[in-house]
Amino acid sequence: MFSRAHIWLLLFLVYLLVLCVFAKGKFNVLFLIADDLRPTLGCYSDPVVKSPNIDRLASKSTVFYNAFAQQAVCGPSRTSFLTSRRPDTTRLYDFNSYWRVSAGNYTTLPQYFKSNGYTTLSVGKVFHPGIASNHTDDYPYSWSVPPYHPPSFSYEKRKVCKSEDGTLHSNLLCAVNVSEMPLRTLPDLENAAEAVRLLKTMKDAETPFFLAVGFYKPHIPFRIPVEYLKLYPIENMTLASDPDVPKKLPKVAYNPWMDIRKREDVKALNLSFPYGPIPKDFQLRIRQHYYAAVSYIDAQVGKILQVLDDLDLTKETIVVFTSDHGWSLGEHGEWAKYSNFDVATRVPLIVYAPGVTSPRPWPGGKMFSYVNVFGKARERFDEGYLVRSVVELVDVFPTVASLAGLVSVHHCPVPSFKTVLCTEGSNLVHLLGRHERNPNHQAYAFSQYPRPGDTIRDDSDLPSLANITVMGYSVRSTDFHFTLWVGFDSSCFYANLSDVHAGELYILSEDPNEDNNIYNEQVHADVAMLKLGTRYPWTESLKEHMIFLGKALKGNWNL
Ligand SMILES: *[C@@H]1O[C@H](CO)[C@@H](O)[C@H](O)[C@H]1NC(C)=O
Ligand SMILES: *[C@@H]1O[C@H](CO)[C@@H](O)[C@H](O)[C@H]1NC(C)=O
Ligand SMILES: *[C@@H]1O[C@H](CO)[C@@H](O)[C@H](O)[C@H]1NC(C)=O
Ligand SMILES: *[C@@H]1O[C@H](CO)[C@@H](O)[C@H](O)[C@H]1NC(C)=O
Ligand SMILES: *[C@@H]1O[C@H](CO)[C@@H](O)[C@H](O)[C@H]1NC(C)=O
């Protein structure tokens, strides 16, 4: 017979078990977002860069080798992946509207976690600031407490970069002595410190957390600690392998990278509009600074992951590392995002899920100890598990929600403006494990870029909504990249697919850098097959037509 004491003990044990399963059974999420980072990382086979901390994370993760942003500019891309809707559904192609007002009251990724009992925290640039997130980073909808912004960011574009003669300028190349900066720090150093502080406060909290950390680099200006330049001696730097504007590139596809031209050091080069080019020695220095900025971010990621280990949270925290889009480092004669080229749309996407992408560490076990970027040897880590299937940033929301065990997010109906919670992406969980593969995974990514006209203007990089007259819709498979530039009426968000302004087709096996556009006259006959106008551009039918047309065009060359 059980005594009363025994029964109480039993009940207490059951209570503990329930606590373990339900309270601590939930995974935390650490969501790391870089700004303007293409996959210039060791774990993406870049031979030059030093990114040991991100590489170490990758070694325990699934690494999506072909992940693409939906539009290669910060605001639209962030709103898109944080709501899991494409820009045609968020109706944000510039920085000047808030989706809850202009499109639909969509639930965001952090909001979904918040509504499931998580404490959701934002550090740095997660949502695009300003109108695009109602000047609040979508607080209070998305976040449990007001988002953190590093005070030193207010000096980001000021004259704080020292020239050789000791005078201060607002330069593009801005490697600085941190102790001489206003506030003696830099935004991403403050971000990392705040992330560490928040992790410590969440360690013993009753709720699980969703902590998003948005780094400001390697976005321009390259205001970074000067010591990171030492990692990349200028004599070791090389130019892009395809530094010229491709001959068969339609004008509408080109963008004149105006933002770097506004920096004092670039202005002094007296570059011609719209093509430049930038003198070769300056090109090498831009590339050097970009690489240095990547190593600087890598060190900040390393600090945060180290604390995850120290707090014994690595075994119960999902870590995602990604970027809003890429950046052309001189490829096609461009120095910016703002296009549909792979260099602008392709992003790193690394997902660590304890027990899924690698065995859970034992309590106290170390997985992510900080690696010194300045260490002598270039550290090598296991590759991680590479997924070469094409995926998209809109896939992140349903994937992370599913990994954390939240109720899965349904695919959006068409149209979906009135549906607050749904996804236009796919749940990638079946691609994560090392054993399961799903050969039926949709291997296409869709991106788009707006233009104010067919010729190159000073607002071609980033036209405001009212000036958009052409939209470049792009479909990327593992073997081709096809873009159709079509008429677009921004007053009613109407894309007219029978009004074709230009096209691009790249066969990636022969032309991985996308320099030889083989879309030509012959193609117009095929495009005529596509007499289709649609009210809601990115419907399934547009996607199907783009894929169909891309394949048909590819077939024309018997490729
Ligand atoms: C939008 O959704 C939020 C919750 O997700 C709700 O609090 C708010 O009232 C909604 N706004 C409108 C205009 O429906
Ligand atoms: C945007 O912010 C303003 C001012 O804080 C607020 O009054 C308004 O309700 C917010 N919009 C939405 C959709 O929440
Ligand atoms: C930064 O400046 C301080 C004093 O101005 C100097 O002591 C330090 O060596 C400098 N650091 C670097 C990396 O140049
Ligand atoms: C620069 O290149 C030289 C020659 O290839 C190489 O030995 C050296 O390690 C490189 N330096 C760095 C910092 O990568
Ligand atoms: C650019 O133009 C200015 C004024 O015309 C001139 O003083 C300067 O030397 C030029 N710089 C270069 C790099 O050609």
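The following exchange concerns two ligand sites and one helix pair in a predicted model.

Q: Which residues are around ligand 4?
A: Ligand 4 has Lys50, Leu231, Pro233 and Asn236 around it. By class, that shell comprises 2 nonpolar, 1 polar and 1 charged residues.

Q: What lies 2.3 Å from an oxygen atom of ligand 4?
A: That is a polar side-chain atom of Asn236. Lys50 also places a polar side-chain atom 3.5 Å from an oxygen atom of ligand 4.

Q: And how much of ligand 4 does the protein cover?
A: On its own, ligand 4 has 360 Å² of accessible area, and the protein covers 31% of it.

Q: Turning to ligand 1, what surrounds it?
A: The surrounding residues are Asn105, Gln111 and Tyr141. A polar side-chain atom of Asn105 is 2.3 Å from an oxygen atom of ligand 1, and one of Gln111 is 2.6 Å from an oxygen atom of this ligand.

Q: How much of ligand 1 does the protein bury?
A: The protein buries 35% of the 360 Å² that ligand 1 exposes when taken alone.

Q: Different topic: at what angle do α2 and α10 pack?
A: Helix α2, residues 52-59, packs against helix α10, residues 280-310, at about 55°, and their axes are 7 Å apart. The two helices are therefore oblique to each other.

Q: Which residues meet there?
A: From α2, Pro52, Asn53, Ile54 and Leu57 meet Asp298, Ala299, Val301, Gly302 and Leu305 of α10. By class, this contact has 6 nonpolar, 2 polar and 1 charged residues.

Technical notes: Residues numbered from 1 in each chain as written. Chains lettered and ligands numbered in written order. Predicted model: local features only at pLDDT ≥ 70, side-chain atom pairs only at ≥ 80, totals over all residues. Heavy atoms only, no water. Near = heavy atom within 4 Å. Polar contact = N/O pair within 3.5 Å; in protein donor to acceptor, adjacent residues only side chain to side chain. Areas by Shrake-Rupley, 256 points an atom, 1.4 Å probe, with all protein chains shown as cover. Nonpolar A, V, L, I, M, F, W, Y, C, P; charged D, E, K, R; others polar. Axes fitted to C-alpha atoms, helices over the stretch in contact; angles between N-to-C directions. Helix = DSSP H or I, 4+ residues; strand = E, 2+ residues; numbered from the N terminus. Parallel < 35°, antiparallel > 145°, perpendicular 65-115°, else oblique. Contact = heavy atoms within 4.5 Å.
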